[in-house]
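Pull the model up in your viewer and let's take a walk through it. We'll start with one residue and work outwards.

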Amino acid sequence: MRIATYRGANGAPRTAAVIGAAGAEQLIDLHDATGGAVPAGDLLALLEAGPAALAAAKGVTGGAGVSIGSVELLAPMARPPKLLAAAGNGIWVVRILKSSI
């Protein structure tokens, strides 16, 4: 399943399933299509909602949608969480490379 985040009618971000062939894609609002099982918001809100929300999102295969060209697409996550271990991971890579030389 392809997922997109777009600006809804009220200006807030909405998460949608992207349905259709290239050039004819439709966005199906996941919050509306699942009766609220998927929270309104961006991809981060969907991931934080847990396995039940992800399962509900995967169940959306069609419905009334809007053309992907008629809305403003947004970044999938407006504020992604910090990856605090990223710097530590780099140190281990350097150590492994030094030990193999």
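Is Thr 5 buried or exposed? Keep in mind that this is a predicted model. Thr 5 counts as buried because its relative accessible area is 4%, under the 20% cut-off. You'll find Thr 5 in strand β1, which covers residues 2–7. Skip the neighbours within four places in sequence, and Thr 5 still has plenty of company: Pro 13, Arg 14 and Thr 15, then Asp 42 and Leu 43, and finally the run Glu 72, Leu 73, Leu 74, Ala 75 and Pro 76. With Pro 76 there's a polar detail too: its backbone oxygen sits 3.2 Å from a polar atom of the Thr 5 side chain.

Leu 43, one of those contacts of Thr 5, takes us to the largest nonpolar core. That core has 9 residues: Ala 17, Ile 28, Leu 30, Val 38, Leu 43, Leu 46, Ala 53, Ala 57 and Val 60. Helices α2 and α3 (51–58) each put in at least two of them. There's also a second, separate core of 5 residues, with Ala 4, Tyr 6, Ala 16 and Val 18 among them. Back in the largest core, look at Val 60: beyond four places in sequence, Val 60 touches Ala 17, Ile 19, Ile 28, Leu 30, Ala 33 and Thr 34.

Last stop: Pro 39, in the loop between α1 (30–33) and α2 (43–49). Pro 39 is partly exposed, since its relative accessible area is 25%. Its contacts more than four places away in sequence are His 31, Ala 45, Leu 46, Ala 49 and Ala 53. Take Ala 53: 14 residues separate it from Pro 39 in sequence, and the C-alpha to C-alpha distance is 7.8 Å.

How values were computed:
Residues are numbered from 1 along each chain as its sequence is written. This is a predicted model: local features need pLDDT of at least 70, side-chain atom pairs count only at pLDDT 80 or more; totals for chains, interfaces and linings use all residues. Side-chain values use heavy atoms; hydrogens and water are left out. Helices (H or I, at least four residues) and strands (E, at least two) are DSSP runs, numbered from the N terminus. Buried means under 20% relative accessible area, exposed over 50%, partly exposed in between (1.4 Å probe, protein chains only). Contact means heavy atoms within 4.5 Å. A nonpolar core is a set of buried Ala, Val, Leu, Ile, Met, Phe, Trp, Tyr and Cys residues joined through side-chain atoms within 4.5 Å. A polar contact is a pair of N or O atoms within 3.5 Å; within protein, one must be able to donate a hydrogen and the other to accept it, and residues adjacent in sequence count only if both atoms are side-chain atoms.
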